[in-house]
Amino acid sequence: GAKLGLAAFTAAAEAFREVVTEPMPKGEVSTAVSALVPKSLTFWCATCAAQHISGSLFQQAGLFGGVGVSSTGGTTLAPLTERFPVPREAAGTDRFVESFLRFLGPATPAEVARFLGTSVTVIRQVWPAGLDEVTVEGRTRWIPDSDALLAAKAPDVVRLLPPGDPLLQNRALLTRDKAQEKEIWRPIGNPGVVLVNTEIAGTWRAKIAGRGLDLTVTASGPLPDLRAEADRLGAVRGVSEVRLHL
């Protein structure tokens, strides 16, 4: 399926347009889209006992398939009022890679390829020119402006980052080892991350219980006072009481 390249993306986008003409549950959309795309773009899901389209392709092609998440509740997909055209050629990938390196770098071609779900060979073909080479913990990486990196001041922050926060996209720079990486990025149900200055000091999960919020933190390093961040999370969740469990 990967060998189809852009054709795979186009086939999925066109399938979305054909299937989603009104609000539909995500599961029904997945089943119908899976039946329309080439079989090499699907896999057998033993849990559902069904043939599914690749999850990453399903997510990436949805926007150009003219589909958005509906506000009607649940995981419902609906056609967008204004639709982007289905792309017929890849363009601007080098600028996208440079943006990744600027905001989440420094990184290697392999790390960028992992983020995009593609191969290192593909990324090397669109690798931007004029990047600065730096060494991080003995490994060569690249960034658009090394002077800005070297001049940056160490932050003094404590944050409860939610799952999927943009800062968490470059795994290689953030985690100490594979065990910590597996703890943070799971197939389903990622925890939030406790960020202390530039280090991950633990993970967190929150659950509404009664009129309050139970916030459970699992430490992987020294923790500062988290009360202010816990209260901030409570305000976002709309509760007045946050019970912090360490």
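**Overall view: among contacts in the protein between residues at least 6 apart in sequence, 51% join residues at least 24 apart.** A contact means heavy atoms within 4.5 Å. This is a predicted model, in which local features need pLDDT of at least 70 and side-chain atom pairs count only at pLDDT 80 or more, while totals for chains, interfaces and linings use all residues. Residues are numbered from 1 along each chain as its sequence is written, and side-chain values use heavy atoms, with hydrogens and water left out. The protein contains 10 helices and 12 strands; helices (H or I, at least four residues) and strands (E, at least two) are DSSP runs, numbered from the N terminus. The C-alpha trace spans about 55 × 55 × 35 Å along its principal axes. Of the 246 residues, 35% count as buried (under 20% relative accessible area, against over 50% for exposed and in between for partly exposed; 1.4 Å probe, protein chains only). About 14800 Å² of the protein is exposed, and carbon and sulfur atoms supply 54% of that area (Shrake-Rupley method, 1.4 Å probe; for residues, only the protein chains shown count as cover).

**Confidence view: the average pLDDT of the protein is 89, and 98% of the residues score at least 70.** pLDDT is the predictor's confidence in each residue, from 0 to 100. Among the elements of the protein, strand β8 (residues 158–161) has the highest mean value, 94, and helix α8 (residues 171–174) has the lowest, 78. Where pLDDT is low, the predicted coordinates should not be read in detail.

**Close-up of the sheet β1-β5-β4: three strands form an open sheet in this order, with antiparallel pairing.** Two strands pair if DSSP finds at least two bridges between them. The edge strands are β1 (24–25) and β4 (67–69), each of which pairs on one side only. β1 is joined to strand β5 (residues 76–79) by two bridges, and these strands run antiparallel. P25 has T76 in β5 as its bridge partner.

**Close-up of the β10-β11 hairpin: strands β10 (residues 199–209) and β11 (residues 212–219) run antiparallel and are joined by eight bridges.** Two residues lie between the strands of this hairpin, and G210 in the turn has a positive phi of about 65°. I208 stands opposite L213 in β11. K207 also belongs to β10. With a relative accessibility of 61%, K207 counts as exposed. Beyond its neighbours within four places in sequence, K207 is in contact with G212, L213 and D214. From K207 to V120 the C-alpha to C-alpha distance is 40 Å, and the two are 87 residues apart in sequence.

**Close-up of the β11-α10-β12 crossover: five bridges join β11 to strand β12 (residues 241–245), and these strands run parallel.** D214 has R243 in β12 as its bridge partner. From β11 the chain passes through α10 to β12, in a β-α-β crossover that is right-handed (with the strands pointing away from the viewer, the path from the first strand over the helix to the second runs clockwise). Helix α10 (residues 227–237) includes E229. The relative accessible area of E229 is 8%, so E229 is buried. Not counting residues up to four places away in sequence, E229 touches V158, R159 and L160.

**Close-up of aromatic pairs: the structure holds six of them.** Rings of Phe, Tyr and Trp (its six-membered ring) pair if their centres lie within 6.5 Å; planes under 30 degrees apart count as stacked, over 60 as edge-to-face and the rest as tilted. F16 and F58 form a tilted pair, 5.0 Å centre to centre with 55° between the planes. F16 lies in helix α1 (residues 6–19) and F58 in helix α3 (residues 55–62), so the pair ties together parts that are 42 residues apart in sequence. F16 and F58 are both buried. The ring centres of W127 and W142 are 6.0 Å apart and their planes stand at 90°, so this pair is edge-to-face. W127 lies in the loop between α6 (120–125) and β6 (132–136), and W142 in strand β7 (residues 139–143), so the pair ties together parts that are 15 residues apart in sequence. W127, at a relative accessible area of 22%, is partly exposed, and W142, at 23%, also counts as partly exposed. F9, F64 and F84 are linked into a cluster by ring pairs.
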